[in-house]
Amino acid sequence: MANIDLLPGKRILVVDDEPDVLDTVEDLLDMCEVVKASTFEQAKELLEKEPFDMAILDIMGVSGYFLLGIANAKKIFPVMLTAHALSPEDIVRSYREGAASYVPKDQISKIPVFLRDILEARVRGKHFWWRWLQRLGYDYWDRKFGPGWRDADREFWDEFEAKD
């Protein structure tokens, strides 16, 4: 399984209001068919009318949580990509609302890794977030949010860690 790359050929919608982010993700996913949208309206129309395997959704600027609902309804694996909605609350919200992953924009270079993890999880029958903590680690989040950042929603994080 680890030797098979499941990402080539996948059709991926990337939604962000920053053109450089769209171009960066397109470059990183050159093994995929990438469709870009820079507005909520464009993304909504594409999600509703065209088939995609995955959607990478900015949270701010393009109403990413609304698009998350559409992607889930269409059985498209949604990944939240954010710089401004970077908070423990947004991680929990993304998870609870059905995102397959949550990636900070400062980790954008790892987007192919996160997408491969999602596809592998599907094949293995695991939860989509099964490697998420391994990929970023608590050290990363402790630096972002400070020690004790999980305490506000301890029940969620205890449950989350039990699935990991």
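How many aromatic pairs does the structure hold? The count is 20. Keep in mind that this is a predicted model, then start clicking.

**First stop: Y95 and F156.** Select these two residues and show their side chains. They form an aromatic pair of the edge-to-face kind, with 5.1 Å from centre to centre and 80° between the planes. Now colour the helices: Y95 belongs to helix α4 (residues 88-96) and F156 to helix α7 (residues 154-163), so this pair ties together parts that lie 61 residues apart in sequence.

Turn on a surface while you're here. Are these two rings buried or exposed? Y95 has a relative accessibility of 14%, and because buried means under 20%, Y95 counts as buried. F156 comes out at 5%, so F156 counts as buried too.

**Second stop: W157.** Stay on F156 and add W157 to the selection. Their ring centres are 5.0 Å apart and the planes stand at 90°, so this pair is edge-to-face. W157 is buried, as is F156.

**Third stop: the cluster.** Widen the selection to Y95, Y102, W129, W132, Y138, Y140, W141, F145, W149, F156, W157 and F160. Ring pairs link these residues into a cluster, and both Y95 and F156 from the first stop are among them.

**Last stop: arginines over rings.** From the cluster, pick W149 and show R150 with it. R150 lies over the face of W149, 5.6 Å from the ring centre. Then move to Y65 and R93: here the charged end of R93 sits over the Y65 ring, at 3.7 Å from its centre.

Technical notes:
Residues numbered from 1 in each chain as written. Predicted model: local features only at pLDDT ≥ 70, side-chain atom pairs only at ≥ 80, totals over all residues. Heavy atoms only, no water. Phe/Tyr/Trp six-rings, centres within 6.5 Å; stacked < 30°, edge-to-face > 60°. Helix = DSSP H or I, 4+ residues; strand = E, 2+ residues; numbered from the N terminus. Buried < 20%, exposed > 50% of the residue type's maximum accessible area, 1.4 Å probe, protein only. Lys NZ or Arg CZ within 6 Å of the ring centre and 35° of its normal.
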